[in-house]
Amino acid sequence: ALNLAADDVGGIVSCYRLIPEVAGLRRRLYSQHYGALIQRLFRLAVRDVNFAAKVIRSDVLAGLQLSSTGSFVDVELLVRARNAGHPIRQVGLQYQPRQLGESKLSSPRVILQLLTELARIAPGLRRDASRGA
């Protein structure tokens, strides 16, 4: 992922789980449905949009104005970067499940915040995409 982001063509490397089953059934279902929604709304063909492993060139990140404060930030980051003309590459990673703790991404509070940010930010992202911003 670092090598891909370091070359002259790379802007963002978005990683995905090579074996998504290790994340658990509930998380996999949430990810599949959320990914399908994001693909439909933004035409963003990223395999695992909320997987935290991303490598982003600092010049790409410096040029983006993000307003999300929660889990929607992954989508906002990728869509704004793509709209600005930065390529997004994807790379599969071996994923090891957590040994301690539990992901908060599928908690009702986090999902509500994500959907609230989606409703607030999505119209502007879609407008920018249609203008080729």
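Colleague: Which residue follows H4, and what is the sign of its phi?
Modeller: Gly85 comes after H4, and its phi is positive, near 95°. This is a predicted model, where local features need pLDDT of at least 70 and side-chain atom pairs pLDDT 80 or more, while totals for chains, interfaces and linings use all residues. Residues are numbered from 1 along each chain as its sequence is written, and side-chain values use heavy atoms, with hydrogens and water left out.

Colleague: What makes H4 count as "mostly covered"?
Modeller: Buried means under 20% relative accessible area, exposed over 50%, and partly exposed in between, with a 1.4 Å probe and protein chains only. In H4 (residues 73–83), nine of the eleven residues are buried, charged ones such as Asp74, Glu76 and Arg80 among them. Over the protein, 35% of the 133 residues count as buried.

Colleague: Why is Arg89 called partly exposed?
Modeller: Its relative accessibility is 24%, which is over the buried limit and under the exposed one, so partly exposed is the right label. Arg89 lies in strand S3 (residues 88–93), and its C-alpha is 8.8 Å from that of Val46, 43 residues apart along the chain.

Colleague: How do you know what is a strand or a helix?
Modeller: Both are DSSP runs numbered from the N terminus: H or I of at least four residues for helices, E of at least two for strands. That gives five helices and three strands, in the order α-β-α-β-α-α-β-α.

Colleague: What makes Leu18, Ile19 and Val22 a nonpolar patch?
Modeller: Patch members need over 30% relative accessible area and no salt bridge (Lys or Arg side-chain nitrogen within 4 Å of an Asp or Glu carboxyl oxygen), and nonpolar side chains are joined within 5 Å. Leu18, at 42%, passes that limit, so it qualifies on area. Leu18 sits in the loop between strand S1 (12–17) and H2, and the patch covers about 230 Å².

Colleague: Why is the second largest pocket called a pocket and not a cavity?
Modeller: On a 1 Å grid, a cavity holds points where a 1.4 Å probe fits but cannot get out, whereas a pocket is an open set with protein on both sides within 12 Å along at least five of seven lines. This one has a volume of about 280 Å³. Of its 17 lining residues (an atom within 4 Å of a point), Tyr30, Ser31, Tyr34, Ile111 and Leu114 are closest to the centre. H2 gives the largest share, seven residues.

Definitions and conventions: Points joined across faces, edges and corners; volume = space filled by probe spheres on them. Patch = residues over 30% accessible without salt bridge, like charges linked within 9 Å, V, L, I, M, F, W, Y side chains within 5 Å. Areas by Shrake-Rupley, 256 points an atom, 1.4 Å probe, with all protein chains shown as cover.
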